[in-house]
Amino acid sequence: MNAPFDPGLQPERTALAWRRTGLALLVGSFVAARILPELLGAWSALLGLTGVVIAGILLAMIHRRYRGHHGQLTTDGDRAPIAEGRLIAATAAFVFGGALVSIIVVIVLAVSGALGASLPR
């Protein structure tokens, strides 16, 4: 039996929302890896590539979480799925780190005077 014991549960919908979040973080990291070197130099590509690796790890955690929950829901139903906070904490830390890096990039560009020069007119 591959269907959850309670048809009212929607783990697939939750898993899809988490996958969209992970993919958005992955795309944002690829964009940062592409844009940052033009603004700050080649070394800054490491920031974006680090984000790509972390987003990949988050996507793996998302998939593992769904598999575990789905496995518990397709058994006899005696065990309730236990939501753990590690994935939420890791995602929040990643987003916070990305925001912090963005603020630092804007400050560095503003102080160096390159912010106005790099903006399209």
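**Briefing: a four-helix model, with a look along α1**

Start with helix α1: its 30 residues should span 44 Å at 1.5 Å a residue, and its end C-alpha atoms sit 42 Å apart, which agrees. Keep in mind that this is a predicted model. The protein has 4 helices and 0 strands, so you'll read its elements as α-α-α-α from the N terminus on. The points below go through the whole protein, then α1, then α2.

**The protein overall**

- Of the 121 residues in the protein, 25% are buried.
- The accessible surface adds up to about 8,000 Å², and carbon and sulfur atoms own 71% of that.
- Take the contacts with a separation of 6 or more: 69% of them join residues 24 or more positions apart.

**Helix α1: its course**

- There's a bend of about 25° in α1 at R34, and a proline, P37, follows within four residues.
- After α1 comes G41, and its phi is positive, near 110°.

**Helix α1: the salt bridge**

- How many salt bridges does the count come to? Just 1.
- R34 and E38 are the partners, with their side chains meeting at 2.4 Å, N to O.
- Side chains of opposite charge can pair when their charged atoms come close.
- Both R34 and E38 belong to α1 (residues 11-40), and they're 4 residues apart, about one turn of the helix.
- Are R34 and E38 buried or exposed? R34 is exposed, and E38 is exposed too.

**Helix α1: what's buried**

- The buried residues of α1 are P11, A15, W18, G22, L25, L26, S29, A33, L36 and L40.
- Their cover includes α2 (45-73) and α3 (86-112).
- S29, which lies in α1, makes a handy example.
- Why does S29 count as buried? Its relative accessibility is 7%, and the cut-off for buried is under 20%.
- Setting aside neighbours within four places in sequence, S29 is in contact with G48, G51, V52 and F94.
- Among those contacts of S29, G48, G51 and V52 are themselves buried residues of α2.

**Helix α1: a nonpolar patch on the surface**

- V27, V31, I35 and L39 make up a nonpolar patch on the surface, and together they have about 300 Å² of accessible area.
- One of the patch members, I35, sits in α1.
- I35 has 40% relative accessibility, so it counts as partly exposed.

**Helix α2**

- α2 has 29 residues, and from first C-alpha to last it reaches 42 Å, close to the 42 Å expected at 1.5 Å a residue.
- Buried in α2 you'll find A45, G48, G51, V52, A55, L58, I62, R65, Y66, H69, H70 and L73.
- That list of buried residues takes in R65, H69 and H70.
- What covers the buried residues of α2? The cover includes α1 and α3.
- V53 has its place in α2, and this residue is exposed because its relative accessible area is 51%, with the cut-off for exposed at over 50%.
- How far apart are V53 and L26 in space? Their C-alpha atoms are 8.4 Å apart, although 27 residues separate them in sequence.
- In that pair, L26 is one of the buried residues of α1, whereas V53 is exposed.

Key
Residues are numbered from 1 along each chain as its sequence is written. This is a predicted model: local features need pLDDT of at least 70, side-chain atom pairs count only at pLDDT 80 or more; totals for chains, interfaces and linings use all residues. Side-chain values use heavy atoms; hydrogens and water are left out. A salt bridge is a side-chain nitrogen of Lys or Arg within 4 Å of a carboxyl oxygen of Asp or Glu. Helices (H or I, at least four residues) and strands (E, at least two) are DSSP runs, numbered from the N terminus. Buried means under 20% relative accessible area, exposed over 50%, partly exposed in between (1.4 Å probe, protein chains only). The expected span of a helix is 1.5 Å times one less than its number of residues. The bend at a residue is the angle between axes fitted to the seven residues ending there and the seven starting there. Contact means heavy atoms within 4.5 Å. Patches are made of residues with over 30% relative accessible area and no salt bridge: like charges are joined within 9 Å, nonpolar side chains (Val, Leu, Ile, Met, Phe, Trp, Tyr) within 5 Å. Accessible areas come from the Shrake-Rupley method with a 1.4 Å probe; for residues, only the protein chains shown count as cover.
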